[in-house]
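Please read the sequence alongside the 3D view. The report below goes through selected local features, then the sheet and a cavity.

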Amino acid sequence: MLHALEGRFTSGLSPYGLGLAYLDWAVHLANAPSRQAELVQSAGVHWLRLLRAAAGETVVGPTPGDHRFAGEDWQRPPFDLLRQGFLLAEDWWAEATGPLPGVEKRHQRIVAFAARQFVDMASPTNHPFLNPEVIRASLSTLGANLLDGAANFASDLVETMSGRPVGHGGDVVGRDLAVTPGKVVFRNALIELIQYAPTTETVAREPVLIVPAWIMKYYILDLSPQNSLIRHLVAAGHTVFAISWRNPGAEFRDTAFDDYREKGVMAALDAVTDICAGARVHACGYCLGGTLLTIAAAAMARDGDTRLASVTLLCAQTDFSDAGELQLFITEDQLAFLSDVMREQGYLDSRQMAGAFQLLRSNDLIWSRLVRSYLLGEREHPNDLMTWNADGTRMPARMHAEYLRSLFLDDDLAEGHFRVGGRPVAVRDIRVPLFVVSTETDHVAPWRSVYKIHLLSDADLTFVLTSGGHNAGIVSEPGHPNRHFQIAERPADALYLGPDEWLHGAEERQGSWWPAWFAWLDRQSGSRVAPPAMGSTRYPALQDAPGSYVHEH
């Protein structure tokens, strides 16, 4: 109960983990006089560079991707000196919290991450009297921007206290989003299975089953009609099914990770093969749904179940040994603390998860938005992706604890220790063709981590690295501007190629990766047939898409 109470003030993050990491770093730094001397010397060098900046010289610039100081006013005195002074301080703190002999690597990364959060908070862009853009807006509007910002803050506060998602926009699920025609053909306690209506006279014999992550609503893949992956897939001549996960409450506290495999993937697969007269299935998993699909496919291969024709993984990790900055939140201390928080309420709330994801890109997802909304008095124009992003889900307590421990912390799947039905499963048992998509700027599933499936599987594997992040890189419809990707196929049983070598040799293409995937699916499919009926005797149509579970909040 104590940890649950503390978790209300820390968004589920353990304060003890940060304290232990800082203690490890501070003790070793205090016992390293040569390192202290190096930092003192570095500070002196940085001060000299600042003096040169005061004399009008440009001595430092922002890192690639840092757009906080992109405005012209930041290039003129006195704000130019503020900008360079802050960037020099930022650089010094990054050096001060860098690797230190004796400090556990995880602790060092936690300290560096925490220091970066405090430094980002202190940026002059976040202060109304130091930000020239805010000063200019205040003078030109006689302070109206600050009044508008206060109104925006009050509106967001009311929405937060009422439980409504901030930034939900005006799009409505079933009216503006998730409008691809279809029917719910199966429902149990965890999922609704949607079958989409065909739009072509013939379809590939093998249907496509989409397994999204239950950390998100499925309609990330069925947003507006123009950028709906599902709609494009149907138009390309495929019979498409998608799982819509339930948004669980406290009554699901004892739902296990394997329940999502049995009542999710396997139950959906039973329905798909029945409706499609026993045809093999192209299975596609996104994010956590892709990891679950990999586990299900490995168990099927182990048990001689041959119902899969291929497996597609979108931003899905199978080896979590280098899973990016999310690992900062996955320690023994953090999991023990989080388990107590979840045990008290029965689930992990979507807002607690959103806070962790936002910290990974605090400049873009926190501070720049606060400046824009509360200091400049401007509102972002809501779009379909923002509406979906605000429509969060909860994680059952037992399932989430099992997932974080067995995969993120212990890396059981890659190590061969993950068990299904009491027996271990291995990714290398999957022999059907694989199509794996990663994105260049993914902070949730870094592409080099996704690439590690090359070490776990000897099957025919086509790997794609596309522009964009975890969501925008996947929702990348044809015609979307400034899109590009690299693609290369590794034949079955071929020799291993490292990620750097792959990056150097992979074919580069402009535009969306979707057509490349559609063409790959066609090559893995058999003859074209008449579309199957919507549902079957055993799995009759229950209601129109998008169903009822997607509306649960």
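Which residues does Gln84 touch, not counting residues up to four places away in sequence? They are Ala53, Glu57, Thr58, Val59 and Val60. The model is predicted.

**A buried glutamine and a buried aspartate**

Gln84 belongs to helix α4, which covers residues 79-96. Its relative accessible area is 0%. That is under 20%, so Gln84 counts as buried. Its side chain also reaches the backbone nitrogen of Val60, at 3.4 Å. Val60 therefore appears twice for Gln84: in the list of touched residues and as the owner of that backbone nitrogen.

Asp156 sits in another helix, α7, residues 144-162. Is Asp156 buried or exposed? At 8% relative accessibility, Asp156 is buried. The side chain of Asp156 has a polar contact with the side chain of Arg379, at 2.8 Å.

**The sheet**

In what order do the 11 strands of the open sheet run? The order is β15-β14-β13-β12-β7-β6-β4-β5-β2-β1-β17, and the pairing is mixed. Strands β15 (507-510) and β17 stand at the edges. Each has a single partner strand, so one side of each has no neighbour in the sheet.

Two pairings show the mixed character of the sheet. Strand β6 (residues 281-286) runs parallel to β7, with six bridges between them. Within this pair, Cys284 stands opposite Thr312 of β7. Strands β13 and β14 run antiparallel and are also joined by six bridges. Here Thr462 has Glu489, in β14, as its bridge partner.

How many residues of β7 are buried? The count is seven of seven, for a strand that spans residues 308-314. In a regular strand, side chains alternate between the two faces of the sheet.

**Backbone details**

Two peptide bonds ending at a proline are cis. The first runs from Pro77 to Pro78, with omega near 0°. Pro78 is in the loop between α3 (33-54) and α4. The helix α4 is also where Gln84 is placed. The other cis bond runs from Ala545 to Pro546, with omega near 15°. Pro546 is in the segment after β17, and β17 is one of the edge strands.

Positive phi values outside glycine come next. The table sets out two residues.

| Residue | Phi | Loop | Relative accessibility |
|---|---|---|---|
| Cys287 | near 60° | between β6 and α10 (288-302) | 12%, buried |
| Asn482 | about 60° | between β13 (461-466) and β14 (484-490) | 71%, exposed |

Why do the labels of Cys287 and Asn482 differ? Buried means under 20% and exposed means over 50%. Cys287 has 12%, so it is buried. Asn482 has 71%, so it is exposed. Both loops start at a sheet strand: β6 for Cys287 and β13 for Asn482.

**Links across the chain**

Ser536 lies in the loop between β16 (528-529) and β17 (543-544). How many residues separate Ser536 and Ile275 along the chain? They are 261 residues apart, yet their C-alpha atoms are separated by 5.4 Å. Ser536 touches Ile275 and also Asp274, not counting residues up to four places away in sequence.

Arg423 and Pro64 give another pair. They are 359 residues apart along the chain, with C-alpha atoms separated by 47 Å. Arg423 is in strand β11 (residues 423-424). At 43% relative accessibility, Arg423 is partly exposed. Not counting residues up to four places away in sequence, Arg423 touches Arg302, Asp303 and Phe418.

**A cavity**

The structure holds two cavities of 30 Å³ or more. The second largest cavity has about 40 Å³ of space. Which residues line the second largest cavity? The lining is made of Trp214, Met216, Lys217, Tyr218, Ser244, Trp245, Arg246, Thr393 and Val550. By class, this lining has five nonpolar, two polar and two charged residues. Lys217 and Arg246 count as charged, because Lys and Arg belong to that class. Ser244 and Thr393 count as polar, since neither Ser nor Thr is in the nonpolar or charged class.

How values were computed:
Residues are numbered from 1 along each chain as its sequence is written. This is a predicted model: local features need pLDDT of at least 70, side-chain atom pairs count only at pLDDT 80 or more; totals for chains, interfaces and linings use all residues. Side-chain values use heavy atoms; hydrogens and water are left out. On a 1 Å grid over the protein atoms alone, a cavity is a set of points where a 1.4 Å probe fits but cannot get out, and a pocket is an open set with protein on both sides within 12 Å along at least five of seven lines; lining residues have an atom within 4 Å of a point. Grid points are joined across faces, edges and corners, and a volume is the space filled by probe spheres set on the points. Helices (H or I, at least four residues) and strands (E, at least two) are DSSP runs, numbered from the N terminus. Buried means under 20% relative accessible area, exposed over 50%, partly exposed in between (1.4 Å probe, protein chains only). A polar contact is a pair of N or O atoms within 3.5 Å; within protein, one must be able to donate a hydrogen and the other to accept it, and residues adjacent in sequence count only if both atoms are side-chain atoms. Contact means heavy atoms within 4.5 Å. Two strands pair if DSSP finds at least two bridges between them.
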